[in-house]
Amino acid sequence: MSPTSTNWKRCRQGNIMLESSNWIQNKFDEEDVDPFGGRLLQDGVVYSQNISIRSFELDSSGKISVGALVHHLQDSALNHVRNLGLLAQDFGSTPEMSKNDLIWVVNTLQIEVDRYPSWGDSVQLNTWMYASGRTGMGRNWIFQDVKTGEILIRANCVYVMMNKKTRKLSKFRKEVRDEYGLSFKDGGDAIIPRDTKNKLLFDPNTADYVTTNFKASRSSLVLMPGWTDMDLNQHVSHVKYIDWIFESIPHSFKACHELYAISLGYEKECHINSVLQSMSKMAKNCSDNSTDDDNDVVEFEHLLLLEDGSRIMRARTMWKPKYA
């Protein structure tokens, strides 16, 4: 599969939408900038924030790590809702959500990378929300180089609502939808086409790589999330899941390849002291049948399983050689 295939085709509509709405390279008035370096645009529909890549956000290649990137997605989403005045005392919840013990949880997350920013690079991040069906909320992000306006990264996430006491999914209540009001983009949709292949994953018995002990600081023979892996919703942070699937890919492969697309589907919560395995399978190595650098792509499928065999996350990643 090449980077230009149907499922992974980059959605250029996002570029056109941003350019036509004059969201790229906005000059912020100092009085409008929030403490996080961002501001609301388009009557609050868009939140735009400038960030500078820090040294502690880098991976071994000297570029922003995927984990740090996803943290920026989460942080900007919260900043957006905070600036709209919708946050209640409960972290990430609106007043109506807090009243009904509701929280947002990540259902799917997709990221496409054209180029990773490096230490000291200034990046403008634009994000906006939209209604996703009758039960969810979608959010898009675009990262661009502040100096050139070059689009670096696109991301899309769909959230669903969960009752934090019963831990069961809930409908998107009308009272909560009304709180968001006009802050949803009319006719909005995901800027990355939905990855339908991510639902068709491999049999765990056919995995090429299985990791059960990749936390060197722990003596356990299997992976057991600890206290530092928990987030404010009292389950394992969705960023941790990404770290764990990467650990089941051979280090020798990651040393010479770079991730350019990832699709994640979260299916079940993972809590402290859960026992799980990370499995990966090479689904396709396009370089086997092509000498074209554009087709020199490797695709992996990933599963995170609990001890009883139940699935907590599925994922698909696509990699290209670093020289490309």
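The following exchange goes through some salt bridges, a helix, a pocket and the confidence of a predicted model.

Colleague: What makes R115 and D145 a salt bridge?

Modeller: The side chains of R115 and D145 have N and O 3.4 Å apart, and because the cut-off is within 4 Å for a nitrogen of Lys or Arg and a carboxyl oxygen of Asp or Glu, the pair counts as a salt bridge. By this rule the count comes to 11 salt bridges.

Colleague: Which parts of the chain does the pair R115 and D145 link?

Modeller: The pair links distant parts of the chain, since R115 lies in the loop between β3 (102-113) and β4 (122-132) while D145 is in strand β5 (residues 136-145), 30 residues apart.

Colleague: Why is D145 called buried, and what is R115?

Modeller: D145 has a relative accessible area of 12%, and buried means under 20%, so D145 is placed in that class. R115, at 30% relative accessibility, counts as partly exposed, because that class lies between the 20% and 50% limits.

Colleague: How do you know that K174 forms a salt bridge with D178, and how are the two placed in helix α4?

Modeller: The closest N and O atoms of K174 and D178 are 2.7 Å apart, and the limit is within 4 Å, so the rule is met. Both residues belong to helix α4 (residues 174-180), where, being 4 residues apart, they are separated by about one helical turn. An α-helix has 3.6 residues a turn, so residues three or four places apart point the same way.

Colleague: Why is K174 called exposed, and D178 partly exposed?

Modeller: The relative accessible area of K174 is 58%, and exposed means over 50%, so K174 qualifies. D178 has a relative accessible area of 47%, and therefore falls in between the two limits.

Colleague: What makes R316 and D195 a salt bridge, and how many residues apart in sequence are they?

Modeller: Their side chains meet at 2.5 Å, N to O, and the cut-off is within 4 Å, so the pair counts. R316 lies in strand β12 (residues 311-321) and D195 in the loop between α4 and β8 (209-211), so the pair ties together parts that are 121 residues apart in sequence. R316 is at 0% relative accessibility and D195 has 5%; both are buried because the class covers values under 20%.

Colleague: Why is helix α5 described as mostly covered?

Modeller: In helix α5 (residues 238-247), 7 of the 10 residues are buried, namely H238, V239, Y241, I242, W244, I245 and F246.

Colleague: Which element gives the most to the lining of the second largest pocket?

Modeller: Helix α5 gives the most, with 6 residues, and α2 (66-83), α5, α6 (251-256) and β9 (257-266) each supply at least two. The second largest pocket has a volume of about 580 Å³ and is lined by 24 residues, of which D59, S60, S65, F246 and K254 lie nearest its centre. That lining divides into 10 nonpolar, 6 polar and 8 charged residues.

Colleague: How confident is the predictor, and which elements have the lowest and highest mean pLDDT?

Modeller: The mean pLDDT of the protein is 81, and 80% of its residues reach 70 or more. Among the elements, helix α1 (residues 13-20) has the lowest mean pLDDT, 42, and β5 the highest, 96. Over residues 1-25 the pLDDT is below 50, although this stretch has 73 contacts in the model beyond near neighbours in sequence.

Key. Residues numbered from 1 in each chain as written. Heavy atoms only, no water. Buried < 20%, exposed > 50% of the residue type's maximum accessible area, 1.4 Å probe, protein only. 1 Å grid on protein atoms, 1.4 Å probe; cavity = no way out; pocket = protein on both sides within 12 Å on 5 of 7 lines; lining within 4 Å. Points joined across faces, edges and corners; volume = space filled by probe spheres on them. Nonpolar A, V, L, I, M, F, W, Y, C, P; charged D, E, K, R; others polar. pLDDT = per-residue confidence, 0-100. Contact = heavy atoms within 4.5 Å.
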